[in-house]
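Welcome to this tour! Please open the model in your viewer and keep the selection panel ready.

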Protein chains: 2
Amino acid sequence: MSYGVGVIGAGTVGGGVIQTLLSNGGVIADKTGVAVELRHVAELNTENLKEFDLTGVTVSADAKALIADPAVNIVCELIGGEGVAKTFILEALGAGKHVVTANKMLLAKHGEELCAKAVEHGVELRYEAAVAGGIPIIKALREGLAANNIRAIYGIVNGTCNYILTRMTEDELDFEPVLKQAIAKGFAETPPDLDVLGHDTAHKCQILASLAYSTPIDLNDIYVEGVTKVTHLDVAYAREMGYLIKLLAIVQKSDGEVEARVHPTLVPKEHLLASVRNEFNAVFVKSDIADNTLYYGRGAGRLPTASAVVSDIVDIARNTNGAPVPPFRYTHKLAVRDIGLLQGRYYLRLTTEDHPGVLGKVCSSLGKHGVSIASCIQKEEQENVPAHIVLMTHKCLESSIAAALDEIDANAFVLEPTHLLRVL
Amino acid sequence: MSYGVGVIGAGTVGGGVIQTLLSNGGVIADKTGVAVELRHVAELNTENLKEFDLTGVTVSADAKALIADPAVNIVCELIGGEGVAKTFILEALGAGKHVVTANKMLLAKHGEELCAKAVEHGVELRYEAAVAGGIPIIKALREGLAANNIRAIYGIVNGTCNYILTRMTEDELDFEPVLKQAIAKGFAETPPDLDVLGHDTAHKCQILASLAYSTPIDLNDIYVEGVTKVTHLDVAYAREMGYLIKLLAIVQKSDGEVEARVHPTLVPKEHLLASVRNEFNAVFVKSDIADNTLYYGRGAGRLPTASAVVSDIVDIARNTNGAPVPPFRYTHKLAVRDIGLLQGRYYLRLTTEDHPGVLGKVCSSLGKHGVSIASCIQKEEQENVPAHIVLMTHKCLESSIAAALDEIDANAFVLEPTHLLRVL
C-alpha cells in the first residue's frame with residue numbers, strides 16, 4: 001500500500017520536497033517499508049515546476065482541489081506565512097487529511113487552534129521542518145528524550161544570525177557590512193528583519209518551549225532581542241574574556257514558570273555551541289536522564305528542510321494504523337517568566353567620557369543595586385575616542401541590573417546607552 | 001490503557017531503567033499520552049533492588065517467569081553478553097512479547113537471527129541504547145533521516161577510548177597511565193580489552209552499517225584496530241599537523257560495497273568531532289538530502305542508557321495499534337570492502353637510525369608504490385634517541401602503502417615497525 005502526498009507551494013522548500021519524493025522513494029521504501037508517492041502539486045507559478053518530471057502527478061493552481069483530491073492522504077503546506085497557509089491547513093485537517101508543515105510562524109502564533117483542529121478530526125499535524133531544518137530535533141524532544149524532564153534548551157536556530165555573528169567574529173567586521181554579504185550570498189532575505197530582529201528565533205523558541213513543557217506559550221510573552229545591536233567591539237571584548245556571541249533561543253524552567261527568551265548570548269569558547277559556525281544550527285538539550293545532548297546540522301535550505309518534511313510524511317504513513325499523535329499536548333498551563341526575574345551574569349559595555357572617577361561612580365551604582373563585578377576591561381585611552389569600560393558581573397537579578405543601568409546612563413559622562421549582553 | 005514492562009537484569013543499566021520508570025512516569029504520560037508501568041523485575045542479586053520501592057511490582061529470580069507473566073507486554077533484556085541474554089530474547093519474542101535491549105554485542109553477532117524471530121512473531125525488537133547510549137542516533141537514522149541516502153557515518157561511540165585519547169592529548173600522557181586513570185575513575189572496565197581493542201566500537205559499527213544500508217553485515221568483515229598502539233608521540237605529531245586522534249567507527253559506501261571499519265583516525269582540529277572530549281560520544285552523518293548532521297551526548301552510564309531504553313519502550317507502547325517495525329530491513333546484500341582497497345591519506349611515523357640517506361630511501365620506496373608525500377616532520381636529532389620521521393601522504397591506496405611499508409620496515413636502519421594512522 002502506498003500513501004499519497006500533495007504539496008501546496010513549490011517554492012524553495014516545496015521544490016525540495018518534490019525533488020526528494022521523486023528521487024528517493026526507493027531508499028525510503030528500503031529503510032522503512034513505506035511507499036510514499038507524490039500525487040498532486042498545487043502551485044500558481046508553473047515556472048517552479050519546469051525542472052520536474054511530473055508524469056502521473058496532478059498539477060493544479062488550486063490548493064482546494066488538492067485538499068479535496070481523494071488520492072491525497074497527506075497534505076504538505078509549504079507556502080509559509082500567516083495568510084492562506086492557515087486556511088489551507090485548517091481545511092485539510094477538517095477534511096480528515098494529515099498535514100505536514102514547515103510554517104513556524106503559524107505554529108508559534110496559532111499552535112493551539114491548529115492542534116485542536118487536528119485532534120478534533122483525528123489526524124496528524126507534523127512540523128519537524130519548523131525548527132532547525134534538517135536536524136530531527138522535534139523527534140528528539142518528543143520521542144528520543146520522551147523519558148526525560150527537560151532542564152534547559154539552548155538553540156542556535158537561525159542560520160542568518162549565526163552566519164552574521166560568525167563572520168563578525170572571524171572577519172572582525174561590523175554588523176552592516178556582514179549583513180550585506182549575507183544577503184549577497186543568499187544567507188539572508190530582504191528585508192532581513194524577521195531574522196535579524198530575532199522574531200524567527202522566537203517562533204522556534206515558542207515551539208520548543210511548548211513541546212518541552214507540554215504547555216501553551218503566548219508568543220508575545222517571549223522576550224526577544226535580535227543581533228542588530230551587537231557591534232564588532234562587543235564581539236572583540238567577549239572574545240578577550242573567553243566568550244563567543246551567539247543568538248540563542250533559551251528555554252528552561254524556573255520556579256514553576258517557563259523561561260522562554262531570545263537574545264544574543266555570551267557562550268564560553270569551550271562550549272560545543274561555540275563551535276557551531278556560519279549558517280549551521282544546533283540545539284543543546286539538558287535533561288535529567290540522558291544528561292546533555294546536542295543536535296547539529298543545517299537549519300535551512302531547500303533539501304535539508306525537505307529532509308525534515310519527508311521524515312514527517314514517512315512517520316505519518318508508518319503510523320497509519322496507530323492512534324494519531326497530537327501535534328502538542330497541553331497538559332500544563334505554565335506562565336512565561338518575566339525577564340526581570342532572570343538570574344544571570346551580564347556583560348556591560350559603557351561608553352563614557354574619559355575622566356577620573358567614572359569607574360568608581362559606575363561601580364557604586366552597581367553596588368547599590370546589589371550587582372557585583374567579576375571582571376573588568378578598561379583600555380588605555382586614545383585621543384578623541386570615547387573610553388569603553390567593559391564589565392562582567394557576578395550572578396544577579398536582571399531587574400537590579402536594569403535599575404542600576406538607568407541610574408548609570410543618566411550620568412552626563414555616559415555618552416551612549418550602556419550595552420548589556422547576557423551570559424550563558 | 002497502560003503497557004506493562006518487565007526488566008531482566010537490574011545492574012547498571014537495568015537499575016537506571018527501573019529508576020526512570022518509577023520516577024518519570026508522569027512526564028512520559030504528559031509528553032506522549034502513553035502510560036508505561038514497571039510490572040516485573042527479574043534479578044538474581046536482590047542487593048541491586050534495595051534502593052527501589054517495588055511495591056506492586058513482581059520480583060523474581062527467574063527471567064522465564066517474567067517472560068511468561070501476562071502483565072508484561074514489553075521485555076527489557078539488560079543482562080548483556082552473549083549467553084542467556086540471547087536465550088531470553090528469543091524466548092520473549094517467541095512468546096509474542098516486544099523486546100528492548102542495549103546488547104550491541106548480541107545484535108552485532110546475531111542481528112539477522114534475532115530480526116527474523118521478531119518478524120516471524122509480529123513483535124518489535126528495539127535497541128536505541130545499543131549505540132551511543134543516550135543519543136537517539138538509531139531513531140535519527142531510521143526515522144529522522146528516512147528520506148536520505150547515507151553518504152557516510154563517522155562515530156565516536158566508545159566513551160572509554162575517547163576519554164583515553166582526550167587525556168593523552170590534553171595531559172600529554174602515554175596510553176598506559178591514562179588507562180589506569182580511566183579504570184580508577186570508572187570510565188574503563190577491567191579487563192578493558194573489549195573497549196580499548198576496538199571490538200565494542202566494531203559492534204556499534206556493524207549496527208550502524210546494517211541500518212544505513214539496509215544490509216546484513218558480517219562482524220568479522222569489519223576491520224578493527226583499537227587505541228592501544230597510539231602513543232603520546234603520535235598524539236603530539238598529529239597536533240603539530242593540525243589533527244586530533246579519535247577512535248572512529250566509519251561507515252560509507254564505495255563502488256557498491258560498504259566500508260565498515262574501526263581505527264584511530266586523524267581528525268582535523270576544526271571538525272566538530274574534534275570538539276567531542278572525554279567520555280562523550282558523537283555521531284556525524286553525511287547524507288544526500290539533510291547534508292551533514294551530528295548527534296552528541298553520553299554514550300554510556302546508568303541513566304543516559306536508560307533514557308534510550310525507555311524511549312524504545314514508549315515508542316513500542318505508542319505504536320501498539322500499528323504494524324510492528326522490524327529491527328532491521330535487509331533489502332540489500334552488500335559486501336564489506338576490503339581495507340586494502342581503501343583510498344585515503346595516511347600518517348606514518350618511522351623510527352630509524354639517524355644517518356644520512358634514510359629519508360631518501362624511505363621516499364623512494366613510497367614513490368615506487370605510487371605513494372606521494374604531502375608533508376614531513378623530521379626534528380633535529382638528540383643523542384641516544386632514535387630519530388623519528390613523520391610523513392603525511394597524499395591520497396593513495398591502502399594496499400600500496402602496506403606494500404611500501406613492508407619494504408621500508410625490512411631496512412636495517414628501521415628500528416621499530418612503522419606506525420600508520422588513517423586520516424579522515
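We will go from a whole chain to a sheet, then to a buried strand, and finish where the two chains meet.

**Before you start**

This is a predicted model, in which local features need pLDDT of at least 70 and side-chain atom pairs count only at pLDDT 80 or more, while totals for chains, interfaces and linings use all residues. Residues are numbered from 1 along each chain as its sequence is written, and chains are lettered from A and ligands numbered from 1 in the order in which they are written.

**Stop 1: chain A as a whole**

Select chain A and show it as a cartoon. You will find 14 helices and 17 strands; these are DSSP runs numbered from the N terminus, with helices being H or I of at least four residues and strands E of at least two. The radius of gyration of chain A, 24 Å, is close to the 22 Å that the globule rule gives for 424 residues, so the chain is as compact as a globular protein of that length. (That radius is taken over C-alpha atoms, and the rule is 2.2 Å times the number of residues to the power 0.38.) Along the principal axes, the C-alpha atoms of chain A fill a box of roughly 80 × 45 × 35 Å.

How much of chain A is buried? Buried residues make up 53% of its 424 residues. A residue counts as buried if 20 or more other C-beta atoms, placed from the backbone, lie within 10 Å of its own, as exposed if 12 or fewer do, and as partly exposed in between.

**Stop 2: a parallel sheet in chain B**

Now switch to chain B and colour the strands β3-β2-β1-β4-β5-β6, which form an open sheet in that order with parallel pairing. Two strands pair if DSSP finds at least two bridges between them. At the edges stand β3 (58-60) and β6 (125-126) of chain B, each with a single partner strand, so one side of each is left without a neighbour in the sheet.

Zoom in on β1 (residues 2-8) and β2 (residues 35-42) of chain B, which run parallel and are joined by 7 bridges. Here Val7(B) stands opposite Val41(B) in β2(B).

**Stop 3: a buried strand**

Next, select β7 (residues 150-156) of chain B. With 5 of its 7 residues buried, this strand is largely enclosed by the rest of the structure. β7(B) pairs in the antiparallel sense with β11 (residues 280-287) of chain B over 6 bridges, and with β9 (residues 243-254) of chain B over 4 bridges, also antiparallel. Click on Tyr154(B): its bridge partner in β11(B) is Phe284(B), and in β9(B) Tyr154(B) stands opposite Ile250(B).

**Stop 4: where the chains meet**

Show both chains again. The contact takes 49 residues from chain A and 49 residues from chain B, where two residues are in contact if their C-beta atoms, placed from the backbone, lie within 7 Å. Which element of chain A gives the most to the side that touches chain B? That is α12(A), with 9 residues.

Select β12(A) and β12 (residues 291-298) of chain B, which pair in the antiparallel sense over 3 bridges. Leu294(A) stands opposite Tyr296(B) in β12(B).

Finally, compare the copies. A turn of 180 degrees and a shift of 0.0 Å along the axis lays chain A on chain B with an RMSD of 0.0 Å. That is the relation of a two-fold axis. (The copies are superposed by least squares on the C-alpha atoms of residues with pLDDT of at least 70 in both.) 100% of the interface residues of chain A are also interface residues in chain B, so the copies meet through the same surface.
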